[in-house]
Amino acid sequence: MSMPLNPAAAPAGRGQSQAIDLIRKIDRIDGHWQPRVVAEMNDYQFKVVKVQGEFPWHVHADTDETFVVLEGELKIAIRGGADAGDGECAGGEAVIVLRAGQMAVVPRGVEHQPSADAEVKMLLIEPRGVVNTGDGAPGARTVANDQWV
Ligand code: NI
């Protein structure tokens, strides 16, 4: 797996105490599925990304992951995970559809596959250090962490 030689370092202010234009930040990113950090809150990072097409199925065993759609329509296929406590069968498959202004939290341990028929711009909120392709060996879509835009 190749890593960028000079990923943009975290600014001293960590993106705090300023207005951040998420769409303008996204427009500075080359390519799809390339998340970039725009700010941090405690140990959490806010990452912007534009996506199109299908991402590999993956899981984050240790953390929930939040998706906030800014433009376009994102589908998140999910499967597995703990019983929600409502008596419904756990472990089945479902698809969450998110349009601009909508968000969803994928719980830890739930396999998920984001996809977008047309380009989607979104914000991800997750703890620092989360690998975009999830647990296990890095793949072609794995991106180096802590790259700021
Ligand atoms: Ni994920």
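What share of the 149 residues in the chain is buried? I looked this up before anything else: buried residues make up 26% of them. Buried here means 20 or more other C-beta atoms within 10 Å of a residue's own, exposed means 12 or fewer, and partly exposed is in between, with C-beta atoms placed from the backbone.

**Ground rules.** I am working with a predicted model, where local features need pLDDT of at least 70, side-chain atom pairs count only at pLDDT 80 or more, and totals for chains, interfaces and linings use all residues. My numbering starts from 1 along each chain as its sequence is written.

**Confidence.** I checked pLDDT, the predictor's confidence in each residue from 0 to 100. The chain's mean is 91, and 88% of its residues reach 70 or more. Over residues 1-5 the pLDDT is below 50, and this stretch has 5 contacts in the model beyond near neighbours in sequence. A contact means that two C-beta atoms, placed from the backbone, lie within 7 Å.

**Layout.** I found 1 helix and 7 strands, in the order α-β-β-β-β-β-β-β from the N terminus. These are DSSP runs numbered from the N terminus: helices are H or I with at least four residues, strands are E with at least two. I also noted that, of contacts between residues at least 6 apart in sequence, 75% join residues at least 24 apart.

**Core.** I turned next to the largest nonpolar core, a set of buried Ala, Val, Leu, Ile, Met, Phe, Trp, Tyr and Cys residues joined through C-beta atoms within 7 Å. It has 22 residues, of which Phe67, Val69, Leu74, Val120 and Met122 touch the most other members. Two or more residues each come from β1 (36-41), β2 (44-54), β3 (65-71), β4 (73-79) and β7 (111-127). I followed Phe67 further: leaving aside neighbours within four places in sequence, its contacts include Leu74, Ile76, Leu98 and Met122.

**First hairpin.** I saw that β1 and β2 run antiparallel, joined by 5 bridges; strands count as paired if DSSP finds at least two bridges between them. Val37 has Lys47 in β2 as its bridge partner. The hairpin has 2 residues between the strands, and Asn42 takes a positive phi near 55 degrees there.

**Odd phi angles.** Which residue before α1 (22-27) caught my eye? I noted Ser17, in the segment before that helix, with a positive phi of about 55 degrees although it is not a glycine. Ser17 counts as exposed because it has 7 C-beta neighbours inside 10 Å. Trp33, also not a glycine, has a positive phi of about 60 degrees and lies in the loop between α1 and β1. Trp33 is buried, because 21 other C-beta atoms lie within 10 Å.
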